[in-house]
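Visitor: Before we go through the details, could you tell me on what grounds each term is applied here?
Guide: Let us look at the structure together and set each value against its definition.

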Amino acid sequence: MGIATINPATGETLKTFQPLTDGEIAARLEQAQTAFEKYRWLPIAERSQFMQAAAEILEQQKAEYAKLMTLEMGKPLQSAIAEVEKCALVCRYYAERAAEFLADVAVKTEASQSFIRYQPLGIILAVMPWNFPFWQVFRFAAPALMAGNVGILKHASNVPQCALAIEDIIQRAGFPKGVFQTLLVGADKVPALIEDERVKAATLTGSEPAGASLAAHAGKQIKKTVLELGGSDPFIVLASADIETAAATATTARMLNSGQSCIAAKRFIVEEAIADKFEKLLVEHFQALKVGDPMHPDTNIGPLATPGILRDLDQQVQNCIASGAKVLVGGKPLAQPGNYYPPTILSEIPAGSAAYNEEFFGPVALLFRVPDIDAAIQLANSTPFGLGASAWTNDEQQRDRLISELEAGAVFINGLVKSDPRMPFGGIKRSGYGRELGIQGIHEFVNVKTVWVT
């Protein structure tokens, strides 16, 4: 696959890039290692100044960066602006909290002095996806750089201009040269990067196969990885819930990023007693969504990022229909230029069909009816994924059961699943392992050093 900007709204190739040669990659790694040897000793207060400056650049040029995202991967413009703003937020969060998170922690023992010290590891490789081309990178870069590590980014090949823009932001913010570099390379170069002894760890957000491949290569080198992979998040609505609010939020939760989000709600599990009402409201909300030019401020749903994603999604939908599912709205690609798929709801999905275990990465909702909370929890947990879960109830006992029994890295009660710099983010089962964000995120790529003074 070439490295290029291809407008998903039109299919037009706007810019192509030549991948780095092996010699150029080697030079970048050397520069990163040289930078780390000095940067690791820089006071946190100085790193904080650089990170605050990065936040200011993001805020000042958010319209420009948002348009770049929309151009490269089709994100509706208003969502793209919000993404840039969130990147500034995570930069400020770690700029302000890193000193606290990385401070020595005293432990009372029989030693005269004993404590834990957090120290950086070195070069961290980040393999990042196209769907949130700024946010995914900054939620790695902010804690990693504040901890004293340096980063090298292998971004998705369809968002090269976003990748270069992020490197430019960090350089302009004042970080020393080589502390963060974008490598325009294909996925075939990732194994060699992991095998390089100067690269100490890796993080990947992406598909199951990509995560499994990276983890396998890193495992052979005995290097740590953090993986945030796919999700088939349940959205449970019980009879005690506020049905109108749940249906409106369900629409937002499914259509995040035109449905192209790991933590978008995908399986809507509704208690039979209120299923008719919820279904009617959900269909009305889906039908009201505006599909179109992602640069237009009123657009709710833009194009999918690539023709391949459109093809794969439609094949999943058609397979589901062929197995006996009913189409309530949508159900086939729009007959117009660009990678457009309409908001779609499938119901009456047969038990045992592929839809029970697959992730639908696009604006397609799967609607299931269950008799009670026991069946809802069982169905929610029946997937191999475990990223997020949203559950709706106004019954305190039901709430406590859902929090305890749902198998996910995050459970949101009466709200949609989202990431927040203040809270750890990540999954279990085949959704990956490790955590980003919060204090846990900055501790993933440090040496947790035990110090004992007799």
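The conversation below takes up cavities, pockets, one residue, a helix and a sheet in turn.

Visitor: What should I know about the model and its numbering?
Guide: This is a predicted model, in which local features need pLDDT of at least 70 and side-chain atom pairs count only at pLDDT 80 or more, while totals for chains, interfaces and linings use all residues. Residues are numbered from 1 along each chain as its sequence is written, and side-chain values use heavy atoms, with hydrogens and water left out.

Visitor: Why is L58 called buried?
Guide: The word buried stands for under 20% relative accessible area (exposed is over 50%, partly exposed in between, with a 1.4 Å probe and protein chains only). L58 has a relative accessible area of 0%, and is therefore buried. The residue belongs to helix α2, residues 44-60, where helices (H or I, at least four residues) and strands (E, at least two) are DSSP runs numbered from the N terminus.

Visitor: Which residues does L58 touch?
Guide: With contact taken as heavy atoms within 4.5 Å, and not counting residues up to four places away in sequence, L58 touches Y65, V84, C87, A88, C91, F134, F138 and I169. For one of these partners, V84, the C-alpha to C-alpha distance from L58 is 6.3 Å, although the two are 26 residues apart in sequence.

Visitor: How do you know that the span of α11 agrees with what is expected of a helix?
Guide: The expected span is 1.5 Å times one less than the number of residues. The 16 residues of α11 should span 22 Å, and because its end C-alpha atoms are 22 Å apart, the two values agree. The buried residues of this helix are G308, I309, L310, L313, D314, Q316, V317 and C320, and what covers them includes β13 (344-347) and β14 (364-370). Just after α11, G324 takes a positive phi of about 125°.

Visitor: What makes a space a cavity and not a pocket?
Guide: On a 1 Å grid over the protein atoms alone, a cavity is a set of points where a 1.4 Å probe fits but cannot get out, whereas a pocket is an open set with protein on both sides within 12 Å along at least five of seven lines; lining residues have an atom within 4 Å of a point. Grid points are joined across faces, edges and corners, and a volume is the space filled by probe spheres set on the points. The search of the whole structure finds 3 cavities of 30 Å³ or more, and the largest cavity has a volume of about 80 Å³.

Visitor: Which residues line the largest cavity?
Guide: Its lining is made of R139, F140, P143, A144, T203, V226, R435, E436, G441, I442, E444 and F445. Two or more of the lining residues come from each of α5 (135-146) and α14 (438-443), and α5 gives the most, with 4 residues.

Visitor: How many residues of the lining of the largest cavity are nonpolar, polar and charged?
Guide: Ala, Val, Leu, Ile, Met, Phe, Trp, Tyr, Cys and Pro count as nonpolar, Asp, Glu, Lys and Arg as charged, and the others, Gly among them, as polar. By these classes the lining of the largest cavity has 6 nonpolar, 2 polar and 4 charged residues.

Visitor: What is the volume of the largest pocket, and which residues lie nearest its centre?
Guide: The largest pocket has a volume of about 1000 Å³, and of the 38 residues that line it, P129, W130, G206, S207 and A210 lie nearest its centre. The largest share of that lining, 6 residues, comes from α8, and the whole lining divides into 19 nonpolar, 14 polar and 5 charged residues.

Visitor: How do you know that β4 and β20 pair?
Guide: Two strands pair if DSSP finds at least two bridges between them. Strand β4 (residues 113-120) and β20 are joined in the antiparallel sense over 8 bridges, and I116 has T450 in β20 as its bridge partner. The open sheet has 3 strands in the order β3-β4-β20, with antiparallel pairing, and β3 (105-106) and β20 (446-453) are its edge strands, each pairing on one side only.
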